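Colleague: Please take a close look at one part of this model for me. I would like the empty spaces and the helix packing beside them.

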Amino acid sequence: MAGRFAPRPPRTTVRGGHVAVGSGVPRQAAGPGRVREWVPDGPLDLGLVLGPLRRGPGDPTFRAMPDGSVWRAALTPAGPGTLRVSAAGGRVRGEAWGAGAEWLLERLPELLGAADDPSAFVPRHRLLAMTRHRRPGLRLTRTGLVLESLIPSILEQKVTTDEAYRAWRLLVRKYGEPAPGPAPGRMYVMPAPRTWALIPSWEWHRAGVDDKRASTILRAVRVAARLEEAVRMEPVAARARLEVVPGVGPWTSAETVQRSHGAADEVTVGDLHLPGIVGWALAGDRDADDSVMLELLEPYAGQRHRAARLILLSGRVPGRRAPKMPRWDIGQI
């Protein structure tokens with residue numbers, strides 16, 4: 001029978017176990033990118049504004065450079081793109097490459113907090129007043145991308161940040177696409193929804209992602225277009241749409257819209273540490289729960305997320321009373 005039939009092409013389903021990975025896609029040659037300059041209407045600290053987008057020090061989609069510039073790789077509606085942002089002399093320069101370059105530059109001001117209004121925040125506690133004075137460049141970013149923040153937030157459910165960051169790093173590097181243009185080495189654009197859907201079950205396991213979180217991501221990417229539509233909604237309505245996906249609860253939806261919408265009032269509930277940190281900073285109560293935290297943040301209604309950010313930036317946190325949660329690598333099982 002040998003030679004009678006041409007070999008069948010490899011399957012591309014999870015069952016067949018073959019998925020095209022990012023390492024097979026050549027990086028684009030470095031060349032001049034599109035450029036946009038923008039003048040913010042007040043102080044701007046790139047690290048503070050864009051820092052929440054970084055998922056750990058090894059995040060393949062984010063790189064902060066010694067010269068103060070920030071590189072970001074994103075999957076935009078127009079395609080993959082790389083953005084380099086730098087600030088000097090009160091001006092911001094954005095340079096972008098790839099199919100998504102124009103989309104990234106068009107939304108550069110919003111990414112850097114142009115839609116945010118820091119003056120709306122009125123500190124009612126000395127700690128918050130002092131922190132705001134020391135951090136005048138804090139603005140809330142608005143990426144305009146939902147899935148980009150939703151997937152890593154799902155990975156962070158019920159595990160240590162180290163475990164979640166490792167999973168994000170491994171999966172993006174293996175299944176993502178090399179960042180376009182002259183991006184620093186080992187930068188990647190996150191996988192497209194269909195690619196996430198085709199990741200084999202054993203690869204989730206090797207990345208340390210349990211079946212519950214993997215299944216939640218698979219349910220989300222199946223309705224990716226509907227979820228991305230939420231960026232045009234108000235944060236409360238956007239959270240309601242996200243929470244229709246089984247496995248996405250208040251913690252995950254808040255973490256998502258804080259980044260995708262620049263939502264100044266969407267405070268995270270259900271967090272293991274945040275209530276105690278807020279309670280300690282504002283009332284000396286390290287045992288505060290969500291209800292106590294929300295009560296303490298009530299005077300900042302409309303700006304509760306900003307208040308929480310300022311508290312975290314203040315460095316006033318209660319001392320540790322127990323050993324750090326051990327890291328479990330289910331990929332070794």
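Modeller: What follows covers the cavities, one pocket and then three helix pairs.

This is a predicted model, with local features needing pLDDT of at least 70, side-chain atom pairs counting only at pLDDT 80 or more, and totals for chains, interfaces and linings using all residues. Residues are numbered from 1 along each chain as its sequence is written, and side-chain values use heavy atoms, without hydrogens and water.

Start with the enclosed space. Rolling a probe the size of a water molecule over the atoms shows where empty space is left. The grid has a 1 Å spacing and covers the protein atoms alone. A cavity is a set of points where a 1.4 Å probe fits but cannot get out. A pocket is an open set with protein on both sides within 12 Å along at least five of seven lines. Lining residues have an atom within 4 Å of a point. Points are joined across faces, edges and corners, and a volume is the space filled by probe spheres set on them.

Searching the whole structure gives three cavities of 30 Å³ or more. The largest cavity holds about 120 Å³. It is lined by 16 residues, and Leu53, Thr61, Arg72, Glu148 and Trp168 are the closest to its centre. E3 and H5 are the elements that each give two or more residues to this lining. E3 gives the most, with four. Elements are DSSP runs numbered from the N terminus: helices are H or I with at least four residues, strands are E with at least two. The lining of the largest cavity has nine nonpolar, two polar and five charged residues. Here Ala, Val, Leu, Ile, Met, Phe, Trp, Tyr, Cys and Pro are nonpolar, Asp, Glu, Lys and Arg are charged, and the others, Gly among them, are polar.

Now the second largest pocket. Its space is about 240 Å³. Of its 15 lining residues, Leu75, Thr76, Pro77, Leu145 and Glu228 lie nearest the centre. Strand E3 (70–76), helix H5 (147–155) and helix H10 (224–228) each supply at least two residues of this lining. H10 gives the most, with three. The lining splits into ten nonpolar, two polar and three charged residues.

H5 also packs against a helix. The axes of H5 and H12 (residues 250–260) come within 9 Å and cross at roughly 145°. Axes are lines fitted to C-alpha atoms, for helices over the stretch in contact, and angles run from 0 to 180 degrees between N-to-C directions. The H5 and H12 crossing is right-handed; that is, the near helix is turned clockwise from the far one by less than a right angle, and anticlockwise would be left-handed. Ser149, Leu150, Ser153 and Ile154 of H5 meet H12 residues including Trp251, Glu255 and Arg259, where contact means heavy atoms within 4.5 Å. This contact has three nonpolar, five polar and two charged residues.

H12 has another partner, H11 (residues 235–242). Their axes come within 9 Å and cross at roughly 130°. H11 and H12 are therefore oblique to each other. Angles under 35 degrees are roughly parallel, over 145 roughly antiparallel, 65 to 115 roughly perpendicular, and the rest oblique. H11 passes H12 in a right-handed crossing. Pro235, Ala238, Arg239 and Leu242 of H11 meet Pro250, Ser253, Ala254, Thr256 and Val257 of H12. Six of these residues are nonpolar, two polar and one charged.

Last, H13 (residues 274–283) and H14 (residues 290–297) pack at about 45°, with axes 9 Å apart. H13 passes H14 in a left-handed crossing.
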